[in-house]
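Biologist: I'd like to learn how to read a model like this one, feature by feature. Can you walk me through it?

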Amino acid sequence: MLQSKLPHVGTTIFTIMSKMAADHNAINLSQGYPGFDCFPYLQDLVTKYMNTAHNQYAPMTGVPSLRKRLADKTLSIHDVEYDADEEVTIVSGATEALNASITAVVRQGDEVILLEPAYDCYEPAVRLNGGVPVYVSLNVPDFSVDWNKVADAINPKTRLIMVNTPHNPGGYVWTQEDLNTLADLIRDKDIYIVSDDVYEHIVFEGKKHLPLFSHHELKERTFACGSFGKTFHITGWKIGYCLAPKALTEEFRKIHQFLTFSTVTPMQYALADYMEDPSRYLYLGHFYQEKRDLFCEGLKETGFSFTPTEGSFFQCVSYGHLSQESDFDLAVRMTKEIGVASIPTSVFYHDKRDHKILRFCFAKDDDVLEKALELLQKGIF
Ligand code: PMP
Ligand code: GLN
């Protein structure tokens, strides 16, 4: 009998809730993906490259023109330089970037700080590498960082801190003060950072995503992981990237080359052309803010309490003042009884801590959001 290396891991909540939504014909605001398509021009570009013999293995590190676009984008938005050849790698989704980064750093017995609620793919990768997760809870309900708790968790065994800004599920966007505090805490220590920046362009109210690499001390220790899926409405293409200093990228690529070797070719060429016009990603904050505002306006009539999210395409709502039902039970019941699927946020805690908070994805067409709100406004308690 094969002994599980991940005995506590089951099927992801995203798979469970999306299936439940489909089975019950519910509006699926659970798993995070756009309910609308990418722009036709991007599809045309893929077709063009498929039709012109760009169908064999891409270079292991990624198509050069796409790596160059990412380096240029980072320079123009954040004024930070990465060498397109030696410090940028294209991989098969942010999930691969996160996994390869964790694998590059973590050895048997190393401690890894996970800020909870934490996206679900971090912990298994840490464990498979023999690492020991150390859980630090974020403040509820705003999901900001309690730096005293982080300071208490750091010790000589700490090798890595996982960061996610804008945060999934909470939407918290790290501030300059957060970056400075982290830099102070890990200065002169052998600690690395894996930063999950997949919602980098989805930030509201004119705020700016501050990547950890925008702090010069943090840059040297950071693997910055991104995803084209969120930015161009193409989650199904599974293309992501990692920006990291040369020494870190060298180790990252050793893992990547034997994990997937390279990433789907025609899409990479197409994305490189498509990114020529920065407005194709710079509009996202405004685009999703309108959806967030529409959704939040309707939520006011539901009895849930919430603060509009600062970033990402998720809105969390609290219901502890209305009921003590578990968040998982409520998410199931809402899917079956009123036809709206969500994610119970307890799944993002190792101890399934239940703050009575549900997460909704508002990356949907307005009419879908309006229909979902109508159903939610009927009430569930
Ligand atoms: N990190 C976070 C916080 C996410 O929400 C997701 C889901 N897109 C990922 C990583 C994975 O990204 P990808 O689909 O590019 O693997
Ligand atoms: N990132 C998406 C979310 O948080 C899910 C991606 C997945 O299903 N793996 O909903």
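Biologist: Let's start with valine 112: is it buried or exposed?

Modeller: This is a predicted model, so keep that in mind throughout. The cut-off for buried is under 20% relative accessible area. Valine 112 has 0% relative accessibility, so it counts as buried.

Biologist: Where does valine 112 sit, and which residues is it in contact with?

Modeller: Valine 112 belongs to strand 3, which runs over residues 111-116. If you skip its neighbours within four places in sequence, its contacts are Val106, Val126, Val132, Pro133, Val134, Leu160 and Met162. For a sense of distance, take alanine 58: it is 54 residues from valine 112 in sequence, and the two C-alpha atoms are 33 Å apart.

Biologist: Is serine 342 buried or exposed?

Modeller: Serine 342 has a relative accessibility of 0%, so it counts as buried. You'll find serine 342 in the loop between strand 10 (340-341) and strand 11. Beyond the neighbours within four places, serine 342 touches Met17, Leu29, Ser30, Ala331, Met334, Leu358, Arg359 and Phe360.

Biologist: Now the backbone. Which peptide bonds should I look at for cis geometry?

Modeller: The general idea first: most peptide bonds are trans. Here, a cis bond joins glutamate 116 to proline 117, with omega at about 5 degrees. Proline 117 is in the loop between strand 3 and helix 5 (122-128). Another cis bond goes from valine 140 to proline 141, and its omega is near 10 degrees. Proline 141 lies in the loop between strand 4 (132-137) and helix 6 (147-153).

Biologist: And phi? Which lysines have a positive value?

Modeller: Again, the background is that most residues other than glycine have a negative phi. Lysine 238 has a phi near 55 degrees, and lysine 356 has one near 60 degrees. Lysine 238 is in the loop between helix 9 (228-231) and strand 8 (240-243). Lysine 356 is in the loop between strand 11 (343-344) and strand 12 (357-361).

Biologist: How do lysine 238 and lysine 356 fare on accessibility?

Modeller: Lysine 238 is partly exposed because its relative accessible area is 41%. Lysine 356 counts as buried because its relative accessibility is 12%.

Biologist: Let's zoom out. Why would you call the radius of gyration in agreement with a compact globule?

Modeller: You compare it with what the chain length suggests. For 381 residues a compact globule would come out near 21 Å, and the protein has 20 Å, so the two agree. Along the principal axes, the C-alpha atoms fill a box of roughly 55 × 55 × 50 Å.

Biologist: How many helices and strands are there, and what share of the residues is buried?

Modeller: The protein has 15 helices and 12 strands. Buried residues account for 57% of the 381. Also, among contacts with a separation of 6 or more, 75% are between residues 24 or more positions apart.

Biologist: What about the surface and the charges?

Modeller: About 16300 Å² is exposed, with carbon and sulfur atoms supplying 51% of that area. There are 36 positive and 51 negative side chains, and the centres of the two sets lie 4 Å apart.

Biologist: Last one: which residues does the UniProt domain annotation cover?

Modeller: An unreviewed UniProt entry annotates residues 27-374 as "domain: Aminotransferase class I/classII large". That span is 39% helix and 16% strand, and its end C-alpha atoms lie 11 Å apart.

How values were computed. Residues are numbered from 1 along each chain as its sequence is written. Chains are lettered from A and ligands numbered from 1 in the order in which they are written. This is a predicted model: local features need pLDDT of at least 70, side-chain atom pairs count only at pLDDT 80 or more; totals for chains, interfaces and linings use all residues. Side-chain values use heavy atoms; hydrogens and water are left out. Helices (H or I, at least four residues) and strands (E, at least two) are DSSP runs, numbered from the N terminus. The radius of gyration is taken over C-alpha atoms; the globule rule is 2.2 Å times the number of residues to the power 0.38. Buried means under 20% relative accessible area, exposed over 50%, partly exposed in between (1.4 Å probe, protein chains only). Contact means heavy atoms within 4.5 Å. Accessible areas come from the Shrake-Rupley method with a 1.4 Å probe; for residues, only the protein chains shown count as cover. Lys and Arg count as positive and Asp and Glu as negative; His and the chain ends are not counted. The place of a charge is taken as NZ of Lys, CZ of Arg, CG of Asp or CD of Glu. UniProt positions are given in the numbering used here, feature names are shortened, and annotations may be inferred rather than shown by experiment.
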